[in-house]
Each structure stands twice: as structure tokens, then as C-alpha cells.
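Here is a short set of exercises to work through with the structure open beside you. Try each task first, then read the solution.

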Amino acid sequence: MSVVYKNTMTKIGKFVPEKFQPLWNHPAGPQTIFFWAPAFKWGLVIAGLGDLQRPANQLSISQSSALGVTGLIWTRYSLAITPKNWSLFSVNLFVALTSLYQVSRAIMYQREQAALSAASPAKEK
């Protein structure tokens, strides 16, 4: 840890109210990357929620699947490490859920299109 960072955190820690000191000093608290990495990863969740409005024909099944599986892997990992990182768990759970929901939307759209294309030649006869 750099001296500047450590000194900065020590100075900020003096202003943290007593009731928040346990969070501040937690091994996965705001003084560590274990706090900030999940905090910034919420951007993926926000992007995923924004994509819920995207038409299903514009969704990438492979991209959403990869993001969903990655979210599931990191969700499991966050509970296997010590200390358990609940913020990492929650953000990755939401990443996985939003991504896998997008996969289901894309697959349902593809099935609907296949059913429509299979039915349209039958109507022409």
C-alpha cells in the first residue's frame, strides 16, 4: 500500500463517525480494493438494466451468456474467500441475473422468429 494512500485513509478515518468505524476498518471495507471493485462493478448492473429496454433482436446471446456465467462464478467465489465479501456477492448476483434474463429474452425471440418462418410457408400453400 502506498504511503500517500495510507496517510489519506488515516486522515479520512478520523472523520468517520464512531458507529461506522466497524465498516471503515473491515477487511473488505472502504479502505480496500475489496470494497471499491464491487462498487464500480455496479456500472455493469446499471448498463444491464438499461439494456432491458433494448429490442430482443439486438441482444447478443454469447456476450450475455459470458457475462452471466462470469457473474455466477464470481458470486460463488465471493462466498468462498475470507472474509466473505457480501458486496462482491450482491453485485455479481445482479450481473448474473440481468445477463441471464437477457439470454432468455434473446432465445425466446429467436424461437418466435423460427416459428413464424416455419408457419409462413404453410400459409402460402
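**Exercise 1.** Does tryptophan 36 count as buried, partly exposed or exposed?

*Solution.* Keep in mind that this is a predicted model. Start with the cut-offs: buried means under 20% relative accessible area, and exposed means over 50%. Tryptophan 36 comes in at 38%, so it counts as partly exposed. Now try phenylalanine 35: its relative accessibility is 25%, so it is partly exposed as well.

**Exercise 2.** Work out what the helices and strands add up to, and in what order the elements run.

*Solution.* Count first: the protein has five helices and zero strands. Then read from the N terminus, and you get α-α-α-α-α. Next, look at the spread. The radius of gyration is 22 Å, well over the 14 Å that the globule rule gives for 125 residues, so the protein is more spread out than a compact globule. You can check that against the box along the principal axes, where the C-alpha atoms fill roughly 80 × 25 × 25 Å.

**Exercise 3.** Find what percentage of the residues count as buried, and describe the surface and the charges.

*Solution.* Of the 125 residues, 26% count as buried. Turning to the surface, about 8800 Å² is exposed, and carbon and sulfur atoms supply 67% of that. For the charges, tally 12 positive and 4 negative side chains. The centres of those two sets lie 13 Å apart. One more figure for the whole chain: among contacts with a separation of 6 or more, 64% come from residues 24 or more positions apart.

**Exercise 4.** Classify two of the ring pairs by their geometry.

*Solution.* The structure holds five aromatic pairs. Begin with phenylalanine 35 and tryptophan 36: their ring centres are 4.7 Å apart and their planes sit at 85°, so this pair is edge-to-face. Move on to tryptophan 42 and phenylalanine 94, whose ring centres are 5.5 Å apart with planes at 50°, so that pair is tilted. Where do the partners of the tilted pair sit? Tryptophan 42 belongs to helix H3 (residues 33-50) and phenylalanine 94 to helix H5 (residues 86-124), so the pair ties together parts that are 52 residues apart in sequence. Add the accessibilities: tryptophan 42 has 30% and counts as partly exposed, while phenylalanine 94 has 40% and is partly exposed too. To finish, look for a cluster: ring pairs link Phe35, Trp36 and Phe40 into one.

**Exercise 5.** Locate the two loop residues proline 83 and valine 16, and say something about each.

*Solution.* Proline 83 is in the loop between helix H4 (61-80) and H5. Check the bond before it: threonine 82 and proline 83 are joined by a cis peptide bond, with omega about 0°. Valine 16 is in the loop between helix H1 (3-13) and helix H2 (21-24). Its relative accessibility is 16%, and the buried cut-off is under 20%, so valine 16 counts as buried. Leaving aside neighbours within four places in sequence, valine 16 is in contact with Gln21 and Trp24.

**Exercise 6.** Walk along helix H5 and compare asparagine 92, tyrosine 109 and alanine 114.

*Solution.* Step one is asparagine 92, which lies in helix H5. Its relative accessible area is 0%, so asparagine 92 is buried. What does asparagine 92 touch, not counting residues up to four places away in sequence? The list is Lys41, Gly71, Trp74 and Thr75.

Step two is tyrosine 109, also in helix H5. With a relative accessible area of 27%, tyrosine 109 is partly exposed. Tyrosine 109 touches Ala56 and Asn57, again not counting residues up to four places away. Follow up on alanine 56: tyrosine 109 and alanine 56 are 53 residues apart in sequence, yet 6.2 Å apart in space, C-alpha to C-alpha.

Step three is alanine 114, another helix H5 residue. Its relative accessible area is 43%, so alanine 114 is partly exposed. For a distance along the chain, take alanine 114 and serine 104: they are ten residues apart, and their C-alpha atoms are separated by 15 Å.

Technical notes: Residues numbered from 1 in each chain as written. Predicted model: local features only at pLDDT ≥ 70, side-chain atom pairs only at ≥ 80, totals over all residues. Heavy atoms only, no water. Helix = DSSP H or I, 4+ residues; strand = E, 2+ residues; numbered from the N terminus. Rg over C-alpha atoms; globule rule 2.2 N^0.38 Å. Buried < 20%, exposed > 50% of the residue type's maximum accessible area, 1.4 Å probe, protein only. Contact = heavy atoms within 4.5 Å. Areas by Shrake-Rupley, 256 points an atom, 1.4 Å probe, with all protein chains shown as cover. Lys, Arg positive; Asp, Glu negative; His and termini not counted. Charge placed at Lys NZ, Arg CZ, Asp CG, Glu CD. Phe/Tyr/Trp six-rings, centres within 6.5 Å; stacked < 30°, edge-to-face > 60°.
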